[in-house]
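Subject: Structure handover

Hello,

Here is the structure for your files. My notes on the contact between the chains come after it.

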There are 2 protein chains.
Amino acid sequence: VTPPAVPEPVANHGGGPPATWVEGTEESDFPVTNLPFGVFSDGAGPARVGVAIGEYVLDVARLATPYADVLERPALNGFLALGPTAWADLRSRLTELLTDPEYRCTVRPWLRAMADVELLLPFEVADYVDFYASEAHASNVSRIFRPGQPPLQPNWKRLPVGYHGRAGTVVVSGTPVVRPRGQRGPDDYGPTAKLDIEAEVGFVVGVPSRLGTPVSADAFAAHVFGVVLLNDWSARDIQRFETVPLGPFLGKSFATSISPWVVPLAALEAARVPGPAQDPEPAPYLRTSQPWGLDLTLTVECNGTVLTRPPARELYWTAAQQLAHLTANGAALRTGDLFASGTVSGGREDQVGSLLELTVDGTRPVALDSGGSMTWLADGDTVTIRGSAPGSGGTRIGFGAVTGTVRPAASG
Amino acid sequence: VTPPAVPEPVANHGGGPPATWVEGTEESDFPVTNLPFGVFSDGAGPARVGVAIGEYVLDVARLATPYADVLERPALNGFLALGPTAWADLRSRLTELLTDPEYRCTVRPWLRAMADVELLLPFEVADYVDFYASEAHASNVSRIFRPGQPPLQPNWKRLPVGYHGRAGTVVVSGTPVVRPRGQRGPDDYGPTAKLDIEAEVGFVVGVPSRLGTPVSADAFAAHVFGVVLLNDWSARDIQRFETVPLGPFLGKSFATSISPWVVPLAALEAARVPGPAQDPEPAPYLRTSQPWGLDLTLTVECNGTVLTRPPARELYWTAAQQLAHLTANGAALRTGDLFASGTVSGGREDQVGSLLELTVDGTRPVALDSGGSMTWLADGDTVTIRGSAPGSGGTRIGFGAVTGTVRPAASG
């Protein structure tokens with residue numbers, strides 16, 4: 001089959017959202033207004049970049065676009081590095097291809113059923129930073145770990161608190177999570193007894209920055225390509241014993257799972273909302289002229305029971321503020337940098353993003369649809385996080401799922 | 001010039017250390033018992049791997065060895081990934097080439113004067129972890145920041161406390177360090193007024209490990225290739241305000257400098273010493289049957305005045321224990337992972353590894369040879385860290401220097 005020539009970008013269609021000739025996209029996470037990027041392997045050639053549409057993966061590397069060389073690779077990094085003009089140009093071309101019925105016959109052969117391919121880690125993670133941007137989460141954790149003390153540290157409303165995590169153990173959805181061993185206290189070594197999740201939103205950097213030069217909050221979209229869902233698996237007993245004074249380490253670094261699809265910021269225009277009012281007013285470098293809150297609602301499911309629905313729109317610090325803070329000291333960005341929101345917790349009990357909060361440190365079991373109940377994760381449990389945001393023209397932008405099943409601790 | 005054929009490895013010469021035909025190596029950091037690896041650029045072809053000998057860089061990629069393909073690259077990672085058998089084989093071949101006078105005429109053309117080449121970052125840093133392994137340092141910091149409280153946290157003698165730093169801002173010696181801006185407290189944003197250094201020893205991972213499988217302390221030399229010196233530049237005011245509860249972040253992430261030469265563990269056999277006695281006995285996974293303390297003494301110099309001489313042999317936790325801890329939860333290693341000791345401070349006042357300790361949080365200026373005094377770093381200051389360890393046959397193993405000059409904060 002000869003790949004079709006891809007049209008030059010055209011001006012946006014007037015009126016509602018463009019309709020795609022691909023069938024069955026309506027109910028899926030991936031309408032034509034989404035077009036997230038990932039990496040897949042289908043046994044027919046090396047792993048390469050694909051774009052999700054409905055229940056299909058578009059084999060975009062095989063189309064005749066100016067970007068074929070970077071799309072033919074097993075990681076998005078080359079494409080991410082091209083920057084916003086290229087991102088917009090390819091998005092426009094793909095929209096045209098998938099909406100103009102003229103291309104139906106020539107493009108259809110380049111759609112692979114998503115069920116028939118393997119989705120891989122979408123990009124090589126450069127540095128991974130995890131923030132702590134939810135006020136409800138920070139307050140809940142403080143009440144549990146430091147009862148009687150003020151719920152927020154003096155720095156919390158002054159800057160987005162964050163720390164570096166382990167880039168090398170960021171894994172794609174579906175990767176099993178081996179229960180970690182560690183020191184749960186003095187003379188108490190063994191498998192974690194408090195295995196938890198944190199439901200988060202992650203942001204993927206495309207365009208690097210120069211060492212010594214901060215990136216302004218308003219330059220967010222000039223550097224960040226898109227959004228993934230993220231599960232920051234946590235071993236609460238290991239974390240608690242190790243964490244003072246240098247922060248979380250082995251309680252987190254055994255695995256961080258991300259969704260296989262990176263949803264472009266361009267697909268989230270309709271989801272952009274102002275963040276919550278901030279008081280005190282943040283330092284000038286943390287101010288943005290554009291709203292970068294996201295009306296993105298997560299669902300966290302364990303073995304089929306939806307446990308909680310964390311609302312990302314309630315995050316106190318937006319991703320644009322997080323990026324500005326991350327680079328305020330002149331730290332350089334690299335293509336493939338990943339930074340995440342920290343646990344997304346809303347103000348209600350059914351909106352918290354961790355079992356620590358949901359079960360009040362394991363003291364209050366939650367009911368399962370199957371009839372039982374749970375506190376911390378047991379071996380064999382499967383956790384799945386999904387996300388949903390408004391897309392253009394009344395469509396719904398999904399994120400696929402980030403899922404993982406707990407395996408027993410290795411012997412030893 | 002045709003590169004010489006490189007001999008097969010031969011059995012070690014009996015008696016003392018092998019003598020090299022390269023002149024002037026006696027007083028240098030790089031006797032033939034050292035043979036550290038780095039990456040250089042000389043304008044004649046792309047950057048590639050080199051080996052230091054005396055005042056020269058051996059253009060090892062151009063020699064006819066079985067490793068030419070990985071040595072022809074601008075980072076050590078390919079060679080690092082080959083593992084201990086290849087490392088030992090190439091070391092043996094190079095020793096033969098540089099000691100047998102038979103090779104003098106053919107090898108000499110492949111020596112570049114070190115002064116004529118540019119030394120680059122020797123490897124692509126995968127993940128960077130910084131430990132806190134010096135008891136004197138942890139105690140000193142605690143006395144300064146938390147006076148009246150116990151000098152060590154309950155976890156400190158149970159496990160090597162550590163955290164992840166920013167891999168993307170690890171820079172090679174010579175890179176200027178721009179004074180970072182940041183929040184020094186509530187409503188107090190500006191250039192750091194407490195710019196500091198931390199003199200450390202860094203360890204470079206060659207052989208990766210599998211996610212979910214811990215690496216034992218005794219497998220240290222099967223994974224770690226060698227040692228660099230490291231300056232963990234620190235902005236103490238920014239660090240102090242941000243650090244509770246998730247640890248240091250922007251107070252560290254603006255720059256971490258490393259020496260351009262990675263000294264192989266094989267060059268440090270004579271420097272291996274038992275670590276200090278440990279009480280309580282560490283958990284089984286932290287026990288080693290081999291001594292992995294290093295008799296390595298650092299010197300820290302500012303604008304020509306030697307300020308302090310930190311002794312790495314006093315570190316409470318050895319690098320083998322640090323590696324075992326880092327992976328105890330199943331975290332995978334990647335080629336290019338870098339982990340560092342944390343500030344090396346000895347028990348005496350002239351052995352501490354930071355200005356924080358040396359000047360007691362800036363309250364006690366130290367005298368300079370030039371007649372003045374200093375507390376924190378001023379713009380224009382140049383800090384240089386060197387190291388020295390016993391090598392085989394009475395030689396001295398040096399590490400080159402890790403140096404950096406402070407540039408004024410960017411406007412803004």
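The notes below cover symmetry first and then the interface.

This is a predicted model, in which local features need pLDDT of at least 70 and side-chain atom pairs count only at pLDDT 80 or more, while totals for chains, interfaces and linings use all residues. Residues are numbered from 1 along each chain as its sequence is written, chains are lettered from A in the order in which they are written, and side-chain values use heavy atoms, without hydrogens or water.

Chain A superposes on chain B (least squares on C-alpha atoms of residues with pLDDT of at least 70 in both) by a rotation of 180 degrees with 0.0 Å of shift along the axis, at an RMSD of 0.0 Å. That is the relation of a two-fold axis. In chain A, A:Gly247 comes closest to the axis, its C-alpha lying at 2.1 Å.

Contact (heavy atoms within 4.5 Å) involves 55 residues of chain A and 56 residues of chain B. Because 100% of the interface residues of chain A are also interface residues in chain B, the copies meet through the same surface.

The two chains bury about 5,100 Å² between them, 60% of it on carbon and sulfur atoms; this is accessible area (1.4 Å probe) lost on being put together, summed over both parts. On the chain A side, A:Arg166, A:Leu246 and A:Phe249 lose the most area to chain B, together 16% of what that side buries.

A:Arg166 also forms a salt bridge with B:Asp337, with the closest N and O atoms 2.8 Å apart. Between the chains the count is four salt bridges (side-chain nitrogen of Lys or Arg within 4 Å of a carboxyl oxygen of Asp or Glu).

Regards
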